[in-house]
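Here's a short set of exercises to work through with the coordinates open. Try each task yourself before reading the solution.

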Amino acid sequence: MQFTKLRLVGFKSFVDPTELLIHRGLTGVVGPNGCGKSNLLEALRWVMGENRPTAMRGTGMEDVIFAGAASRPARNYAEVTLTVDNSDRLAPPAFNQTDKLEVVRRITRDAGSAYKANGAEARARDVQMLFADASTGSHSPALVRQGQISELINAKPRARRRILEEAAGISGLYQRRHEAELKLKATTANLERVDDVLGQLE
Ligand code: ATP
């Protein structure tokens, strides 16, 4: 899967609709301090399902919405669209109907986030899994924020292992294992309850 386009509306400093075409190979973003380079990387992480406001340098997720400037009022929503070339048809079945996959995340003040994939509503978890399985998830080591290299050098082995797992595309498996363990626990509790009821009937 190859990212081909990023579109931002009302996301942080990108108040007006802004489209960036992403070509094959290395992409560099250059510009003066404060022009929004890091905001672009954060938009990529966010549309792939990042849910930690701190990873967006904010205290709440609504901080990603354009907060207003001297000459512009604040916006009520932020939207990021990521277009992915899926001509290799490697996306999971729910997303694999077309060669071009368009994932949209929108956050509205007081109404939270919603996702769409090719126009249809999608669950946050499915979008997160889609990108985690493709090794490009919101925690992907391919997205390097400022200060991250020194953090990595000083990281504990456990944190380093997580980065290798993300690169290997197996972090989605951990999430699935966690969900399966929760289901197993709930089922065990239900079985115990059934045993109790049967015991009372006997
Ligand atoms: P540097 O090169 O210094 O790291 P940068 O190009 O990476 O800078 P960013 O950190 O991406 O720049 O952008 C910072 C700018 O984004 C600041 O001007 C800040 O005011 C603006 N900004 C961040 N969040 C919002 C928001 N919610 N609404 C409006 N502007 C915002």
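**Exercise 1. Find how far apart the domain centres are, and set out the overall layout.**

Start with the separation: the centres of domain 1 and domain 2, taken over C-alpha atoms, are 38 Å apart. Domain 1 covers 2-169 and domain 2 covers 176-202, with bounds that come from an automatic or database domain assignment. Before going further, note that this is a predicted model, where local features need pLDDT of at least 70, side-chain atom pairs count only at pLDDT 80 or more, and totals for chains, interfaces and linings use all residues. Residue numbers run from 1 along each chain as its sequence is written.

Next, the box: along the principal axes, the C-alpha atoms of the protein chain fill roughly 75 × 40 × 40 Å.

Then list the elements. The protein chain has 5 helices and 6 strands, in the order β-β-α-β-β-β-β-α-α-α-α along the sequence. Helices (H or I, at least four residues) and strands (E, at least two) are DSSP runs, numbered from the N terminus.

**Exercise 2. Work out what share of the chain is buried and how its contacts are spread.**

Fix the cut-offs before counting: a residue is buried if 20 or more other C-beta atoms lie within 10 Å of its own, exposed if 12 or fewer, and partly exposed in between, with C-beta atoms placed from the backbone. On that basis, 23% of the 202 residues in the protein chain are buried.

Now the contacts, where two residues count if their C-beta atoms, placed from the backbone, lie within 7 Å. Take the contacts with a separation of 6 or more: 56% of them join residues 24 or more positions apart.

**Exercise 3. Compare helices H4 and H5 with their expected spans, then check their burial.**

The expected span is 1.5 Å times one less than the number of residues.

- H4 (residues 157-168) has 12 residues and reaches 16 Å from first C-alpha to last, close to the expected 16 Å.
- H5 (residues 171-201) has 31 residues and should span 45 Å; its end C-alpha atoms are 46 Å apart, which agrees.

For burial, H4 is hardly covered, with 1 buried residue among its 12. H5 has 2 buried residues out of 31, so it lies largely in the open. One last detail here: Gly169 follows H4 and has a positive phi, near 75°.

**Exercise 4. Describe the surroundings of the ligand and the annotated stretch.**

Begin with the shell. There are 15 residues around the ligand, and Asn33, Lys37, Ser38, Asn39 and Ala67 come nearest; a residue is near if its C-beta atom, placed from the backbone, lies within 6 Å. Sorted by type, the shell holds 4 nonpolar, 8 polar and 3 charged residues. Here Ala, Val, Leu, Ile, Met, Phe, Trp, Tyr, Cys and Pro count as nonpolar, Asp, Glu, Lys and Arg as charged, and the others, Gly among them, as polar.

Now bring in the record: an unreviewed UniProt entry places the feature "binding site" at Pro32, Asn33, Gly34, Cys35, Gly36, Lys37, Ser38 and Asn39. Such annotations may be inferred rather than shown by experiment.

Walk through three of those positions:

- Gly34 sits in the loop between S2 and H1 and is exposed, with 9 C-beta neighbours inside 10 Å. Its C-alpha is 9.3 Å from that of Ser13, 21 residues away along the chain.
- Cys35 lies in the loop between strand S2 (18-21) and helix H1 (37-47). Its 12 other C-beta atoms within 10 Å make Cys35 exposed.
- Ser38 belongs to helix H1 and is partly exposed, with 16 C-beta neighbours inside 10 Å. Leaving aside neighbours within four places in sequence, Ser38 is in contact with Arg145 and Gln146.

**Exercise 5. Lys12 and Arg89 have positive phi without being glycines: are they buried or exposed?**

Take Lys12, with phi of about 50°, in the loop between strand S1 (2-9) and S2. Lys12 is buried because 23 other C-beta atoms lie within 10 Å.

Then Arg89, whose phi is also about 50°, in the loop between strand S3 (77-85) and strand S4 (100-108). Arg89 is exposed because its count within 10 Å is 10 other C-beta atoms.
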